[in-house]
Amino acid sequence: FPVPETDLVHSAAAGFCGLPCIIAKLQKGTPYLLTEHGVYMREQYLNMRKHVKSFFVRWFLYQFVGIVVRLNYYFADQVSPVCAYNRRWEQWWGVSREKIKVIYNGVDPDKFQPPLNRPSISKPVVTNVGLIFPLKGTLDLIEAAATVSKDFPEVEFRLYGSASDKEYFDKCKERVVEQKLEKTVIFAGSTNEPWKVYGEANIVAFASVSEGFPYVVIEAMLTGAAIVATDVGGVREALADTGLLVRPHRPNDLATAITSLLKDPERIDFLGARARKRALELFTQEKFLDEYRESYKKLLYLYEVEGGLERSQSNF
């Protein structure tokens, strides 16, 4: 099928979904904006290492996918990662610094607001929101729960999200049974009201092994939650000094951070208030949309001024 006639093309990953954008650029001179939530090539390294057993097949796929990634980076007029952390990968793959513009994710602060009351610290709630698969570190969080429960026997770890890897989910459930955590770790399933879930928690914990700039972190920040998270991807850029960061794959460190906060309720309130203040300044939906609107305008203007194909005037 022919690529539709548009004023601008936009791909959300430097993968196969960007190929129609490249074709539009080559055939019609259409300006191309490429955004990345994660880093497509890095995610392929991680996924193929786990799922493709043959070294030679992996090597071939790495080369093939690498070509697709380089094509996207080469033809894109602007590459917009969701955090500065990802910019390093893009530069490593040949994208010039001048071509990169970071656009942080944004969330609606009217929807994600602090609750009227948090649970009592006498029966604390630690919440996690996200898909259940290896890169989210769910097993590490379960190990941390086992340690935290020694100091806080009444603690409840609520894990919200569907299982995108059944084998891994089965391991998680087995670990819960092995550690006798059936009353401590609750697999709560998916939720359509994440703002309510964050509001019902004393602490929101994230144990990811790899991330871009996760929405769940800034959602939790806007609800005034105290956050403990692994220092991966753009999480440090999001939290700065408004939450506690630990190294990935260190469940003991994760447990220590959670326990320290549960022993200091005033610090929970202090960090939560600071997190919301930071999110309101940097990570709102309005700011996010303004950044994209300006990027669209800039790319259209440059093509018109530099003698590109004539384009219809679009309102943004």
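## A small parallel pairing

In strand E3, Gln-78 is the bridge partner of Leu-33. This is a predicted model, and that pair is a handy place to start exploring it. Leu-33 belongs to strand E2 (residues 32-36), which runs parallel to E3 and is joined to it by 4 bridges. In general, the strands of a sheet pair through backbone hydrogen bonds, either parallel or antiparallel.

Step back a little, and E2 turns out to be part of an open sheet of 3 strands with parallel pairing, in the order E1-E2-E3. Strand E1 (9-11) and strand E3 (78-81) each have a single partner strand, so one side of each has no neighbour in the sheet. From one strand to the next, the twist averages 20°. Helix H1 (residues 19-28) lies across E1 and E2, and it runs at about 155° to E1.

## The six-stranded sheet

Another open sheet has 6 strands, again with parallel pairing, in the order E6-E5-E4-E7-E8-E9. Which strands stand at its edges? They are strand E6 (185-189) and E9, and because each has a single partner strand, one side of each is left without a neighbour in the sheet. Ignoring direction, neighbouring strands here are turned by 20° against each other on average.

You can follow one pairing at the E9 edge in detail. E8 and E9 are joined in the parallel sense over 3 bridges, and Val-228 has Leu-244 in E9 as its bridge partner.

## Helix H8 and its neighbours

Now look for helix H8 (residues 215-222). H8 lies across E4, E7 and E8, running at about 170° to E7. Is this helix mostly covered or mostly uncovered? It is mostly covered, with 7 of its 8 residues buried. The buried ones are Val-216, Val-217, Ile-218, Glu-219, Ala-220, Met-221 and Leu-222.

These buried residues pack against several elements, including strand E4 (125-129), strand E7 (203-206), strand E8 (226-230) and helix H11 (265-282). Helix H7 (194-199) and helix H9 (235-239) are also among the packing partners. Just after H8, Gly-224 takes a positive phi of about 75°.

## Nonpolar cores

The largest nonpolar core has 34 residues, and Phe-157 and Ile-258 touch the most other members. Several elements supply at least two residues each, among them strand E5 (156-160), helix H6 (166-178) and helix H10 (251-262). Helix H5 gives the most, with 7 residues. Leaving out residues up to four places away in sequence, Ile-258 touches Val-126, Val-148, Phe-157, Ile-203, Ala-205 and Val-228.

Apart from this core lies another one, of 29 residues, which includes Tyr-160, Ile-218, Val-235 and Ala-279. Ile-218 may ring a bell: it is one of the buried residues of H8.

## Cysteines

How many disulfides does a search of the whole structure find? The count is 0. Cys-21 is in no disulfide, and the nearest cysteine sulfur, that of Cys-17, is 7.4 Å away. As a reminder, a disulfide is a covalent bond between the sulfur atoms of two cysteines.

Cys-21 is buried, with a relative accessible area of 7%. Cys-172 is buried too, with a relative accessible area of 0%.

## How far to trust the model

The mean pLDDT of the chain is 91, and 96% of its residues reach 70 or more. Over residues 308-316, however, the pLDDT is below 50. Beyond near neighbours in sequence, this stretch has 19 contacts in the model. Where pLDDT is low, predicted coordinates should not be read in detail.

Note on methods: Residues numbered from 1 in each chain as written. Predicted model: local features only at pLDDT ≥ 70, side-chain atom pairs only at ≥ 80, totals over all residues. Heavy atoms only, no water. Buried < 20%, exposed > 50% of the residue type's maximum accessible area, 1.4 Å probe, protein only. Contact = heavy atoms within 4.5 Å. Disulfide = S-S within 2.5 Å. Pairing = 2+ DSSP bridges. Axes fitted to C-alpha atoms, helices over the stretch in contact; angles between N-to-C directions. Core = buried A, V, L, I, M, F, W, Y, C linked by side-chain atoms within 4.5 Å. pLDDT = per-residue confidence, 0-100.
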